[in-house]
Amino acid sequence: IKLSRFIGPDISSTKIRKRIFHARPVTGLIPESVEKHIYENGFYMPDSIVDMQEKLKAMLKNKRYLHTMGTVRAAAGLAETYGADPEKARLAALLHDSAKMDHDRLLKIAEDAGLAFDRFEAESPGLLHAKVSALIAEREFGIRDAEVLNAIRYHTTGRPGMTLLDKITFLADMIEPTRNFPDARLLRDLAKKNLNEALMVCMEHGIEKIKEKRELLHPMSETALHYLKNEMKKGG
């Protein structure tokens with residue numbers, strides 16, 4: 001009998017399946033291409049999550065769906081690193097862009113639902129989609145958890161006093177694997193070490209890009225960044 005030397009993680013396929021089922025990350029435990037395939041096809045996920053994925057596939061363009069599943073993967077890693085509820089992180093990440101659609105349709109859904117929105121959101125689908133996504137998560141996907149709904153609602157602008165789940169959802173959306181903006185890799189590395197610092201850099205990057213493009217910047221974004229910086233100064 002010849003024994004072959006093996007260098008790699010000591011983990012079984014059963015443990016991999018259990019981790020995925022319970023919204024725990026598997027990055028680094030299996031090849032990235034395999035991880036990507038598992039998430040995008042809903043393998044080893046609870047039936048309720050698979051049902052949501054199938055519904056999202058029909059609602060979203062393929063590129064948006066792939067971004068969504070990348071966000072789910074990123075949220076799983078952040079939730080484990082910082083001690084957030086992994087299943088809530090999965091739900092918020094999964095449904096954060098469920099209302100990515102044309103502006104006229106967004107406005108109609110918001111108006112028909114009596115959803116309150118301001119002039120910034122009325123003029124920008126990039127802003128309004130977050131509130132409508134929270135509405136869709138509640139009405140069409142049956143989400144009742146206020147923490148999850150708020151994480152979806154504020155994943156674009158942020159807000160003062162962001163919860164841990166808010167921060168993870170906001171950051172996962174920006175650092176998920178399909179994002180390829182300059183310094184994306186550095187931001188992913190920073191997110192593994194310091195959540196608030198990574199979030200601050202992420203917010204600053206987003207605000208700078210909006211201003212460079214002369215697009216509409218919601219005042220909540222700068223308010224949220226200012227609050228975060230004060231929180232960090234106080235050691236939060």
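1. In this predicted model, helix α11, which covers residues 184–191, packs against helix α12, which covers residues 195–212, and their axes lie 8 Å apart at an angle of about 150 degrees. Because an angle over 145 degrees counts as roughly antiparallel, α11 is described as roughly antiparallel to α12. The crossing of these two helices is left-handed.

2. The contact between the two helices is made, on the side of α11, by L187, L190 and A191, and on the side of α12 by E197, A198, V201 and C202. When the residues of this contact are sorted by character, six are nonpolar, none is polar and one is charged.

3. A second place to look at is T169, which sits in helix α10, a helix that runs over residues 164–175. With a relative accessible area of 2%, T169 is buried, because buried means a value under 20%. If residues up to four places away in sequence are not counted, T169 touches A92, H96, A151 and H155.

4. The third place is S221, a residue of helix α13, which spans residues 219–233. Is S221 buried or exposed? The relative accessibility of S221 is 9%, and S221 therefore counts as buried. Once its neighbours within four places in sequence are left aside, S221 is in contact with T156, T157 and I207.

5. It is also useful to set sequence and space side by side for one pair of residues. S221 and L186 are separated by 35 residues in sequence, and their C-alpha atoms are 22 Å apart in space.

Definitions and conventions
Residues are numbered from 1 along each chain as its sequence is written. This is a predicted model: local features need pLDDT of at least 70, side-chain atom pairs count only at pLDDT 80 or more; totals for chains, interfaces and linings use all residues. Side-chain values use heavy atoms; hydrogens and water are left out. Helices (H or I, at least four residues) and strands (E, at least two) are DSSP runs, numbered from the N terminus. Buried means under 20% relative accessible area, exposed over 50%, partly exposed in between (1.4 Å probe, protein chains only). Contact means heavy atoms within 4.5 Å. Axes are lines fitted to C-alpha atoms, for helices over the stretch in contact, and angles run from 0 to 180 degrees between N-to-C directions. Angles under 35 degrees count as roughly parallel, over 145 as roughly antiparallel, 65 to 115 as roughly perpendicular and the rest as oblique. A crossing is left-handed if the near helix is turned anticlockwise from the far one by less than a right angle, and right-handed if clockwise. Ala, Val, Leu, Ile, Met, Phe, Trp, Tyr, Cys and Pro count as nonpolar, Asp, Glu, Lys and Arg as charged, and the others, Gly among them, as polar.
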